[in-house]
Amino acid sequence: MEGIRNTVDTLYVPDEKLIEVFKADPQWGNIPVILAWPEDWKSTPWGGDE
């Protein structure tokens, strides 16, 4: 559908050290909120940690 765009207002990255890297990247820097994954996300079914 032409003219429809998804808008992302929060991006979660796997490590807080990556927050500044993503903010500096032109493709991600326009996302207003970039946060590290919460602790309870560290072990996830899709991450291979069991």
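User: Hi! How much area does the chain expose, and which atoms supply 53% of it?

Analyst: The chain exposes about 4600 Å², with carbon and sulfur atoms supplying 53% (Shrake-Rupley method, 1.4 Å probe; for residues, only the protein chains shown count as cover). This is a predicted model, where local features need pLDDT of at least 70, side-chain atom pairs count only at pLDDT 80 or more, and totals for chains, interfaces and linings use all residues. Residues are numbered from 1 along each chain as its sequence is written, and side-chain values use heavy atoms, leaving out hydrogens and water.

User: Why does L11 count as buried?

Analyst: Buried means under 20% relative accessible area, exposed over 50% and partly exposed in between (1.4 Å probe, protein chains only). L11 has 14%, so L11 counts as buried. Of the 50 residues in the chain, 12% are buried.

User: And what makes W41 partly exposed?

Analyst: The relative accessible area of W41 is 35%, so W41 counts as partly exposed. W41 also joins Y12, V33 and L35 in a nonpolar surface patch, together offering about 320 Å² of accessible area.

User: Which residues form the largest nonpolar core?

Analyst: That core has five residues, L11, V13, I19, I31 and I34; a core joins buried Ala, Val, Leu, Ile, Met, Phe, Trp, Tyr and Cys residues through side-chain atoms within 4.5 Å.

User: What does L11 contact beyond four places in sequence?

Analyst: L11 is in contact (heavy atoms within 4.5 Å) with F22, W28, I31, V33, I34 and L35. With the same neighbours left out, up to four places away, V13 touches L18, I19, F22, I34, L35, A36 and W37. L11 and A36 are 25 residues apart in sequence, yet 8.4 Å apart C-alpha to C-alpha.

Note on methods. Patches are made of residues with over 30% relative accessible area and no salt bridge: like charges are joined within 9 Å, nonpolar side chains (Val, Leu, Ile, Met, Phe, Trp, Tyr) within 5 Å. A salt bridge is a side-chain nitrogen of Lys or Arg within 4 Å of a carboxyl oxygen of Asp or Glu.
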